[in-house]
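Visitor: Could you walk me through some helix packing?
Guide: Sure, let's open the model.

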Amino acid sequence: MPGRAKSQVAGVGVPGRAKSQAGVNLPALRHHNAALVLDLLRAAGADGISRLELAERTGLTPQAVSKITARLRSEGLAVGAGLRPSTGGKPRTVLRLVPDAQFAVGLHLDRDGLTAVLVDLAGRPVAVTTAPLDFGAPAEQVLADAADAVRDLSAAEPHKPVLGLGVAVPGPLDHRDGVLHRVTGFPQWDGFPLREALAERTGLPVTVDKDTNAAALALALSPSEPPGDFAYLHLGTGLGAGLVLGGEVHRGARTGAGEFGHQTLQLDGPLCGCGGRGCVEALCLAAEARGDRAEAARVLGAGAANLVGLLDIDRVVLGGRTVAADEHAYVRGVRAVIEERAARGGGGGTVTVTAARGGDRPVAEGAAQLVLAPVFGRVGERG
């Protein structure tokens, strides 16, 4: 196994799915090379992949691939998947990943509830649990509720190892140290070492990131999603963005990128929980609260159009429980504003606007991917 899941991730790379990263035939990088092989095994699915194909796609020698796959088989992570018909030589042995050999837990701590998901190595949910949560309660109570959810979920596969716990929470925060900053509406969390506290409670390696970053990661690694840069806009109890730029989840110099909800649209607008006025989040949630979903979608679209123009991206994905309540209205409204802005400015190209299915659940699944991504070599150094 290429090392245990790391408790912190400097940046998660999302390389193109058509071509793997090149491997290096150096003993010091055997864990890295094993991760490349594991990633290709995962991408191949139940059909599997031959050793020769693994060597071709990683750039490793056949001998190196044979050693890696032998070790993965001995550890129960890979297994034979039959023979591929001969094309002139002897039939090739095909290998596949054993998805249920190990698991990861993803935990979404929202302002009013928690979602925990147990996923296998292929990223497929095995068990899911939800419960109410008061994020404004004393930290000890929030930690106890979170640890209880992790423990109950891990019991679904009691004899299989859990690699680690990924935790997604509202920002801003420092994902490198797992320390929360002044979460909008909950200033008491400022400076709280969440990663350290949950690691002590659960006995697992813990990775902490913003909820929007986690969901963006899950989408970026999903085989059903197109590759390329995009913005994920999450509208639930708050509003934020997860950005995938240049093939990586973009966090910014101070890990604070994506505080999308607090850009000002109306200087004399309503007071926002962040202390500002006329923020996209405040305007959007106020419109939704009074039942004016068309206005809420229009406001979200105005913010999205600003983001599209600033970053020159051609894809926007909407998510969160509020969007899930009427996906078509939000997709239609956001798309209309973006297209109107593009027409006025003479911008070329079409911006795709879609909705992520599952409401808030992609956040928890993305939290689990914070653990799995390093195992499969999906780690970059850009923050």
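The chat below goes through two helix pairs.

Guide: This is a predicted model, where local features need pLDDT of at least 70, side-chain atom pairs count only at pLDDT 80 or more, and totals for chains, interfaces and linings use all residues. Residues are numbered from 1 along each chain as its sequence is written, and side-chain values use heavy atoms, with hydrogens and water left out.

Visitor: OK, at what angle do H7 and H8 cross?
Guide: Roughly 165°, and the axes of H7 (residues 280-289) and H8 (residues 293-311) come within 7 Å. Axes are lines fitted to C-alpha atoms, for helices over the stretch in contact, with angles from 0 to 180 degrees between N-to-C directions. Helices are DSSP runs (H or I, at least four residues), numbered from the N terminus.

Visitor: So what is their relative orientation?
Guide: H7 and H8 are therefore roughly antiparallel, the term for angles over 145 degrees.

Visitor: Which residues make the contact?
Guide: From H7, Val280, Leu283, Cys284, Ala287 and Glu288; from H8, Arg293, Glu295, Ala296, Val299 and Leu300. Contact means heavy atoms within 4.5 Å.

Visitor: Switching partners, how far apart are the axes of H8 and H10?
Guide: They are 7 Å apart, and H8 packs on H10 (residues 327-345) at about 45°. The two are therefore oblique to each other, meaning outside the ranges under 35, 65 to 115 and over 145 degrees.

Visitor: Which residues of H10 does H8 meet?
Guide: Ala329, Tyr330, Gly333, Val334, Val337, Ile338 and Arg341; the H8 side includes Gly301, Ala305 and Val308.
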